[in-house]
Amino acid sequence: SATRGVSQSQYEVRVARDVSGLVSGRGLMWDSGAVHSSQSFDVAYAGPALASQTRYYWQVRVRDNDGRISPWSTPAWFETAFLSPSQFKGNWITSPTSANGRELLLRKDFTLGSQAITRARLYVAGLSYPYMYINGHSVTNSVLNTDFTTFNKTVDYSTYDVTHLVRTGSDALAVSLGNGFYAGGADDYPSSGEPWQPGEPTLKLELDVWYANGTSAQVVSDGSWQVTTGPTTANSPAAETYDARLAKPGWT
């Protein structure tokens, strides 16, 4: 509101699987109905169970303390990932021998079908700090992913929309892994010691691709990946040592 003294007296939230059903109000999964409340955040979804790897669209409108009802907001969306850990496919993979503190480079060549690609998602959990490339292009410009956790209890993963990076025919997926707090040892952990046993940098990954004809393809981390050490000869969350003589042109 552009005026003073205005407060929320009611809200209504609705959710649908597609924009047309949302806007028309005839294809809704859930409609909260008019709820007399000033609550404006942390309103929990209360409709039918959500499905994994699915996009949902939603809108909200509110009534103010003078009884005026706002228009419906512009449709927004959220997308689920895995609602059960068992749905995240792929094995934890690492180097068969000690990397001696160096970064690990992992690579997988694969082939996608000739059908038009409509959607592709990359799900990545790394111990620690995975940085991904598809066909030579960076998946993200952010680093130090994924988040720090108590690794013997919980490991976070990240989801990336990579529809614009995959292509029909031959593809290459490459991942660089650093040491981070997991593999770096007690010197890098922000307390007197780790509650887990530090190990080699390790990766768990799933790439899902959907085609226009309704079929799909999947690439996961497994024993078929190539693994070697990279030109970063020492690394921690604070600093790294990079030896350009050891660079591997074309590995991405």
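## Pockets, bridges and strands

Modeller: Let's start with the empty space: in this predicted model, the largest pocket holds about 470 Å³.

Biologist: Okay, which residues lie closest to the centre of the largest pocket?

Modeller: There are 25 residues lining the largest pocket, so we need the ones closest to the middle. In that lining, strand 7 (130-134), strand 10 (169-177), strand 14 (232-235) and strand 15 (240-242) each put in at least two residues. The residues closest to the centre are Glu103, Tyr131, Ser176, Thr232 and Glu240.

Biologist: And which strand supplies the largest share of that lining?

Modeller: Strand 7, strand 10, strand 14 and strand 15 are the candidates, with at least two residues each. The largest share is three residues, and it comes from strand 7.

Biologist: How many residues in the lining of the largest pocket are nonpolar, polar and charged?

Modeller: Here we sort the lining of the largest pocket by class. Tyr131, one of those closest to the centre, goes in the nonpolar bin because Tyr counts as nonpolar. Glu103 is also among those closest to the centre, and Glu counts as charged. The full tally is 14 nonpolar, eight polar and three charged.

Biologist: What about the second largest pocket: which strand gives the most to its lining?

Modeller: The second largest pocket has a volume of about 290 Å³, and 16 residues line it, with Val13, Ser40, Val43, Trp58 and Val60 nearest its centre. Two elements give two or more residues to that lining: strand 1 (8-16) and strand 3 (55-64). The one that gives the most, with four residues, is strand 1.

Biologist: How many of the residues lining the second largest pocket are nonpolar?

Modeller: Val13, Val43, Trp58 and Val60 are among those nearest the centre, and both Val and Trp count as nonpolar. The lining also has three polar residues and one charged. The nonpolar ones number 12.

Biologist: Let's move to salt bridges. How far apart in sequence are the parts that Glu79 and Arg121 tie together?

Modeller: Glu79 and Arg121 make a salt bridge, with their closest N and O atoms 2.6 Å apart. Glu79 sits in strand 4 (residues 76-79), while Arg121 sits in strand 6 (residues 117-127), so the pair ties together parts separated in sequence by 42 residues.

Biologist: Is Arg121 buried or exposed?

Modeller: The cut-off for buried is under 20% relative accessible area. Glu79 comes out at 22%, so it is partly exposed. Arg121 has a relative accessible area of 4%, which makes it buried.

Biologist: Which residue in strand 9 does Arg121 also bridge to?

Modeller: Look at strand 9 (residues 158-161), which lies 40 residues away in sequence from the part of strand 6 that holds Arg121. The partner there is partly exposed, at 41% relative accessible area. The closest N and O atoms of this bridge are 3.0 Å apart, and the partner is Asp161.

Biologist: Which residues are linked with Arg121 in a network of salt bridges?

Modeller: The whole structure has nine salt bridges. We've already met the bridges from Arg121 to Glu79 and to Asp161. The complete network is Arg121 together with Arg55, Glu79, Arg119 and Asp161.

Biologist: Now the sheet. Which strands sit at its edges?

Modeller: Five antiparallel strands form an open sheet, in the order 8-7-10-5-13. An edge strand pairs on one side only, so we want the two ends of that order. Those are strand 8 and strand 13 (226-229).

Biologist: In strand 8, which residue is the bridge partner of Ile134?

Modeller: Strand 7 and strand 8 run antiparallel, and two bridges join them. Ile134 takes part in bridging, and its partner in strand 8 is His137.

Biologist: Last one: which side chains make polar contacts with the side chain of Ser142?

Modeller: Ser142 lies in the loop between strand 8 (137-138) and strand 9, and it is partly exposed at 29% relative accessibility. One polar contact, of 2.9 Å, goes to Thr140. Another, of 2.8 Å, goes to Asn145. That gives us two names, Thr140 and Asn145.

Notes: Residues are numbered from 1 along each chain as its sequence is written. This is a predicted model: local features need pLDDT of at least 70, side-chain atom pairs count only at pLDDT 80 or more; totals for chains, interfaces and linings use all residues. Side-chain values use heavy atoms; hydrogens and water are left out. A salt bridge is a side-chain nitrogen of Lys or Arg within 4 Å of a carboxyl oxygen of Asp or Glu. Buried means under 20% relative accessible area, exposed over 50%, partly exposed in between (1.4 Å probe, protein chains only). On a 1 Å grid over the protein atoms alone, a cavity is a set of points where a 1.4 Å probe fits but cannot get out, and a pocket is an open set with protein on both sides within 12 Å along at least five of seven lines; lining residues have an atom within 4 Å of a point. Grid points are joined across faces, edges and corners, and a volume is the space filled by probe spheres set on the points. A polar contact is a pair of N or O atoms within 3.5 Å; within protein, one must be able to donate a hydrogen and the other to accept it, and residues adjacent in sequence count only if both atoms are side-chain atoms. Two strands pair if DSSP finds at least two bridges between them.
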